[in-house]
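Me: Please take a close look at the charged side-chain pairs in this structure. I would also like to know how the aromatic rings are arranged.

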Amino acid sequence: MKAICGLNCDSCTFSENCGGCAETKGRPFGGSCIIADCCARHGCGSCGKAFAAPCRLKEELIAEFNGLKINDMEEVTELNALSGSYINLNYTLPGGQIIQFWDDRKVYLGNQLRKKDTDRCYGLAADEKYLLVCEYGEGGNDAEIVVFKKRKSPLELWDAYDSAGSLTGKTLIRGDAIPKGLYHGVAEVFVLHDDGSVLLMQRDWNKPNYPGFWESGASGSVVKGESFLQGALRELWEETGIRAESLESVYTVFGRNAIYKGYLCRTKAPKDTVTLQPGETIAFRWVDKETFLEIFRSAKFVDSLRERLQIFVEREIVPGIDA
């Protein structure tokens with residue numbers, strides 16, 4: 001059986017009850033799988049590397065577990081795919097009621113760690129919404145809840161670059177102050193249709209910066225483990241629904257604490273297949289080059305993006321109008 005995440009299922013003791021990850025589209029036991037859902041949400045398809053290479057989802061959860069700062073719990077360095085039926089322990093509430101937290105049919109990410117200087121273990125498990133740490137004795141007996149909480153918005157991790165644009169090996173967390181001399185990566189994609197029209201996207205009114213303004217194509221931070229090109233391709237898919245096999249590099253600009261790399265996407269995609277990303281965009285328009293320049297030069301366009309695009313637009317768009 002093929003696993004979307006790349007996990008080797010040959011020795012799994014639950015294989016008799018498993019319908020196959022790829023065969024069931026990420027629902028091997030009838031319920032959802034946190035890893036398969038992540039792949040689908042980010043357009044990864046069958047990523048095949050969640051357990052063989054850096055995985056953004058796992059790194060976010062590892063950071064959240066370690067952020068709980070449970071004193072006698074070892075540092076979390078790895079998480080495994082765990083069937084709900086395997087981790088669904090019984091917990092006794094103060095009033096005597098016995099409860100379980102997980103769904104036997106779902107697949108979660110978790111691990112077991114020794115509790116320091118005792119014969120008990122910590123059990124860790126998480127899905128898209130909740131984080132659980134419990135402790136228990138041999139065979140899962142005498143289970144006690146240590147932490148059960150609703151997850152905050154998942155941490156977004158970034159690679160840190162130096163002033164030469166080289167990776168430093170350090171990690172930045174979105175929302176935290178970026179130390180002086182370090183930069184995070186931002187990928188921006190200008191979308192040009194084969195018929196000469198330009199794709200404009202309108203930012204959500206709830207965005208903290210430039211709400212309701214227009215921008216060209218897609219943009220977003222490059223997450224930890226991604227190259228700028230990989231981030232650009234992902235953002236293009238997430239924010240517009242356009243898949244591209246290749247992009248043309250058109251500019252690199254250093255900001256106060258970010259490195260912006262711009263790409264050009266030439267596409268033949270049907271214009272009515274553009275999609276919006278909830279919380280990010282609320283409308284799109286395909287416009288001819290004259291209309292694009294009118295909006296680009298107006299107060300309706302994101303001015304910081306205009307500054308980065310200026311040379312490219314003068315070289316790529318303006319000559320097409322003059323001709």
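Reply: A salt bridge is taken here as a side-chain nitrogen of Lys or Arg within 4 Å of a carboxyl oxygen of Asp or Glu. The model is predicted, so local features need a pLDDT of at least 70 and side-chain atom pairs count only at pLDDT 80 or more, while totals for chains, interfaces and linings use all residues. Residues are numbered from 1 along each chain as its sequence is written, and side-chain values use heavy atoms, with hydrogens and water left out.

By the rule above, the protein chain has 19 salt bridges, set in a fold of 7 helices and 16 strands (DSSP runs numbered from the N terminus, H or I of at least four residues for helices and E of at least two for strands). Of the 323 residues in the chain, 47% are buried (under 20% relative accessible area, with exposed meaning over 50% and partly exposed in between, for a 1.4 Å probe and protein chains only).

One of the salt bridges joins Asp103 to Arg105, with the closest N and O atoms 3.0 Å apart. Asp103 is partly exposed at a relative accessible area of 24%, and Arg105 is likewise partly exposed, at 46%.

In another salt bridge, Arg120 meets Glu135 with the closest N and O atoms 2.7 Å apart. This pair links distant parts of the chain, since Arg120 lies in the loop between strand S4 (107–114) and strand S5 (121–126), whereas Glu135 belongs to strand S6, 15 residues away. Both Arg120 and Glu135 are buried.

The side chains of Glu188 and Arg308 also form a salt bridge, at 2.6 Å from N to O. Here, too, distant parts of the chain are linked, with Glu188 in strand S10 (residues 184–193) and Arg308 in helix H6 (residues 303–316), 120 residues apart. Glu188 and Arg308 are both buried. Through shared partners, salt bridges further join Asp72, Lys115, Arg120 and Glu135 into one network.

Arg308 has an aromatic neighbour as well: this residue lies over the face of Tyr260, 3.8 Å from the ring centre (a charge sits over a ring if NZ of Lys or CZ of Arg is within 6 Å of the ring centre and within 35 degrees of the ring normal). Similarly, the charged end of Arg285 sits over the ring of Trp214, 5.8 Å from its centre.

As for the rings themselves, there are 13 aromatic pairs (rings of Phe, Tyr and Trp, the last by its six-membered ring, with centres within 6.5 Å; planes under 30 degrees apart count as stacked, over 60 as edge-to-face and the rest as tilted). Tyr210 and Phe213 are edge-to-face because their planes stand at 75 degrees, with the ring centres 5.4 Å apart. Tyr210 is partly exposed at 27% relative accessible area, and Phe213 is partly exposed at 26%.

One aromatic cluster is formed by Tyr91, Phe101, Trp102, Tyr108, Tyr130 and Phe148. Tyr130 lies in strand S6 (residues 130–136), the strand that also holds Glu135, and Tyr130 counts as partly exposed at 31% relative accessibility.
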